[in-house]
Amino acid sequence: SHILAVLNLPLIDKIQQLEILFERCTVRQIQEIYPLIVHSIFGFNGNVLGWGLRTTTMENAPHYFTTLQRFFGVRGVWMHICHRLLNETTKFDIDINLLPRKFISMLQAGPMFYADLINIDPLRHQVSTLSLNTFEFYMFHFVLYALQPLHTINPIAMQIHSERTKTIYQLLTAEYLDNFLPQLPDAAIEPMNFCSSVKAPQQIPVQALQPQRQLRYLKLPSSYRNGNGQASVINTGNTSPQSGDSGGGRGYMWRSESVLYFFVDIWLRYDIESEHHLPSSDFVRGVRTLIKQIHFFANTARLDHSSMCALRKVSLSMVKARIYAFICSLIDRWPLDSSLSVVLELWLSYIQPWRYTLTSNENRTMGVYYEPPIANCFDGFIIDNLIVFTHIFMQLMPRFERLDYSVYRNAYMLHRLAKTFSQQDLVDRLQRFERLHSGNAYGFDSPQRQVNVLNSANSSYNAQWNPLVSNNIPKLFSEQMHEQIQSFLFVISMARNSVLSEISALRREISERQRSEGYIKNLFKKLLGECTQDELTLRELSRIPEVLRQCIDSFCRTFNVDAGSLSMHETLPVEPVSVPASPSGQNQSFFDSNDCLDLSKVTPHHMSLNASNMQPTVDPALLPIQPNEIKPLIRLLHLISENINNKYGRRIQGCYARQDYIGKLLRQVLSAPMTEQWFENFEGNVDMFEKQLPARVNLRGLGSIPNLLVLAFALLLGHLFCGGAFVGLLMLCLLFTGYFMFMAALS
């Protein structure tokens with residue numbers, strides 16, 4: 001009852017009370033409450049959010065973020081408790097019916113690693129439960145927590161979709177993987193002070209009806225064999241810490257095995273096709289963190305002469321068995337918007353292991369821009385994963401053809417793809433290996449065999465590439481693909497010309513408006529650092545043409561396309577905003593006699609024109625904080641503005657609508673009414689939402705550094721020449737009041 005009361009406390013109080021309990025309780029008492037705490041952390045007790053690991057960020061709750069990081073870190077109190085209980089023989093059971101379906105199917109096959117973790121039902125002769133020690137029990141729930149569709153349940157989790165926003169769960173994932181799958185061979189795995197014999201084999205009575213299992217081994221592909229021709233068969237089970245080398249490193253290896261197998265077997269078996277909801281963006285970024293760390297972990301296998309070397313060699317082959325189906329399923333269901341970049345970055349991270357080596361990491365740490373060369377030792381990886389390079393590229397192309405490149409994030413996403421495949425070393429290798437078509441001369445499985453296996457296991461997607469249907473596998477560097485790339489680049493060139501025209505038209509509109517407002521008002525806007533929505537849009541659009549030009553150049557080099565055949569103009573005449581209607585369709589209506597939308601009259605061209613004109617409109621008070629603004633002051637001013645608007649909102653709207661001089665004056669000071677529009681992803685569909693904003697007070701301008709400098713300058717002048725600092729501030733207020741009254745009279 002006491003621990004239940006503690007778990008219902010607020011987060012900070014709860015952690016403080018738990019730390020006191022851990023100091024006062026005996027090991028046996030902690031064992032009794034341990035499952036309750038784990039279920040509370042990850043929301044397996046009915047509270048879906050748990051302790052909010054996937055909703056807490058440094059931006060929205062810095063104090064909670066720091067407290068959780070200190071408590072759950074590899075050197076934190078919680079990890080110390082997990083290892084403190086390892087000295088006991090107590091195990092915790094998990095019913096496999098609570099686990100993902102594909103993971104249960106894998107357990108029923110009896111993999112070697114889980115041989116001493118699974119319990120067999122003697123009546124049904126099937127796996128019934130998993131018995132885990134305290135460390136495994138926590139890590140298993142930690143991995144499962146990422147599969148919960150919080151983004152469809154809680155609005156806070158839905159807002160966490162930005163690359164710059166990192167939750168405490170993502171930070172802990174990176175910290176755990178970096179600790180238990182270390183990059184350096186001689187790195188110490190924390191914590192180190194625990195009983196190393198926890199995974200020693202124990203004498204357990206054999207159940208009478210338990211099926212006998214033969215010893216299973218994992219065969220490493222020949223691309224990861226040592227250069228001296230050593231045998232490539234290793235035992236990857238939960239070995240005893242007393243076996244292996246005589247050092248103490250073997251006693252710590254079982255934790256790395258558990259972390260590697262749990263993350264790969266559970267995350268990469270996420271059933272994307274059968275699940276009703278798409279996985280969240282933070283889950284895909286977590287998988288990318290896993291892929292990057294496994295690349296670091298595997299790339300130092302040659303330098304590791306300890307018992308960890310075998311695990312390093314087998315880690316990448318474990319990912320290779322699942323990654324193709326995982327990424328293809330994601331691409332098939334992911335919505336066509338800028339959030340596709342999280343899937344793209346996951347794929348690009350997997351196919352570039354040369355970016356995750358000791359040399360690359362050292363150069364990035366020193367802040368030096370470093371483009372790592374592709375060493376010959378990665379030829380085996382490229383051949384083994386040839387279809388991951390080529391077929392996923394071909395699967396992405398139709399989706400990139402349908403993106404709107406007047407949005408900078410979409411243009412940058414295309415730039416990332418073009419830049420990766422424009423690496424000369426990579427292009428030469430892909431062309432050479434595709435011509436060979438089979439890697440048997442190198443000792444690898446052929447791409448044909450990989451496609452047969454993967455398509456037979458995952459026949460629900462990529463049917464157009466199934467070799468059982470088509471006699472030949474489409475190649476990336478073929479005539480058909482060359483023509484498709486050429487037509488795609490023509491579309492990109494047209495999009496670039498359209499953006500240039502839009503930039504030219506927008507500049508003229510801004511220039512005409514500035515001329516109509518007069519020199520004084522423009523001068524005050526520059527001094528105050530105010531930017532209109534059109535100026536922000538122009539700033540965003542101005543970056544797009546150069547990015548698209550670099551994309552076109554990169555694709556032309558990669559696929560040997562003549563850039564002269566594309567229509568690329570730096571300046572174009574202004575095009576009319578409205579598309580001229582055809583003579584036959586001038587009186588055409590998209591609605592029938594019952595005033596219902598007739599979809600048969602809406603062509604894809606009309607839909608694309610409508611989609612290209614849909615832009616999100618955000619309240620200026622809610623725009624991201626700029627570098628020339630003081631973050632705490634902006635938040636305080638926003639809070640004050642919200643309180644004023646909530647308390648006096650009706651009076652403000654009534655005064656704003658007045659037609660006398662008071663109304664004119666308030667229209668110069670207050671923010672005008674507007675319609676806020678934004679997009680949201682829900683169940684794989686992108687919907688636009690609208691909200692009407694009335695006239696309101698917006699004090700955000702007082703938080704910018706230029707405005708504060710003006711105030712400081714006025715205070716300084718008042719102190720030096722007027723006998724008091726506040727006299728200067730009063731004169732500044734009178735100056736602005738006179739300006740607004742003058743502008744109100746002119747309006």
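Among contacts in the chain between residues at least 6 apart in sequence, what share joins residues at least 24 apart? The share is 73%, where a contact means heavy atoms within 4.5 Å. This is a predicted model, in which local features need pLDDT of at least 70 and side-chain atom pairs count only at pLDDT 80 or more, while totals for chains, interfaces and linings use all residues. Residues are numbered from 1 along each chain as its sequence is written, and side-chain values use heavy atoms, with hydrogens and water left out.

The chain has 747 residues, of which 46% count as buried; buried means under 20% relative accessible area, exposed means over 50%, and partly exposed lies in between, with a 1.4 Å probe and protein chains only. Its secondary structure comprises 29 helices and seven strands, which are DSSP runs numbered from the N terminus, with at least four residues for a helix (H or I) and at least two for a strand (E).

A good place to start is a pair of helices. Two packed helices are described by the angle between their axes and the distance between the axes. Helix H3 (residues 27–42) and helix H7 (residues 134–145) have axes that come within 10 Å and cross at roughly 15°; the axes are lines fitted to C-alpha atoms, for helices over the stretch in contact, and the angles run from 0 to 180 degrees between N-to-C directions. H3 is therefore roughly parallel to H7, since angles under 35 degrees count as roughly parallel, over 145 as roughly antiparallel, 65 to 115 as roughly perpendicular and the rest as oblique. The crossing of H3 and H7 is right-handed, a term used if the near helix is turned clockwise from the far one by less than a right angle, whereas an anticlockwise turn is left-handed. On the H3 side the contact is made by Tyr34, Pro35, Val38, His39 and Phe42, which meet Thr134, Phe135, Phe137, Tyr138, His141, Phe142 and Tyr145 in H7. By class, this contact of H3 with H7 has nine nonpolar, three polar and no charged residues, with Ala, Val, Leu, Ile, Met, Phe, Trp, Tyr, Cys and Pro counted as nonpolar, Asp, Glu, Lys and Arg as charged, and the others, Gly among them, as polar.

Phe135, one of the H7 residues that meet H3, also leads to the aromatic pairs, of which a search of the whole structure finds 49. Rings of Phe, Tyr and Trp (its six-membered ring) pair if their centres lie within 6.5 Å, and planes under 30 degrees apart count as stacked, over 60 as edge-to-face and the rest as tilted. Phe135 and Phe180 form an edge-to-face pair, 5.2 Å centre to centre with 65° between the planes. This pair links distant parts of the chain, for Phe135 lies in H7 and Phe180 in helix H10 (residues 168–180), 45 residues apart. Phe135 is buried, with a relative accessible area of 0%, and Phe180 counts as buried at 0% relative accessibility. Another pair, Phe393 and Phe559, is tilted, with 5.7 Å centre to centre and 35° between the planes. Here Phe393 in helix H17 (residues 386–401) and Phe559 in helix H24 (residues 544–559) are 166 residues apart, and both residues are buried.

Asn560 lies in the loop between H24 and helix H25 (604–612). Its phi is near 55°, a positive value in a residue other than glycine, and at 67% relative accessibility Asn560 counts as exposed. Another backbone feature is the cis peptide bond that joins Glu190 and Pro191, with omega about -15°; Pro191 is placed in the loop between H10 and strand E4 (218–219).

The tour ends with helices H28 and H29. Leu702 sits in the loop between strand E7 (685–693) and H28 and is partly exposed, with a relative accessible area of 46%. Not counting residues up to four places away in sequence, Leu702 touches Leu633, Leu637, Asn707 and Leu708. The axes of H28 (residues 705–721) and H29 (residues 725–746) come within 6 Å and cross at roughly 125°, which makes H28 oblique to H29. This crossing of H28 and H29 is right-handed, and the contact has eight nonpolar, three polar and no charged residues.
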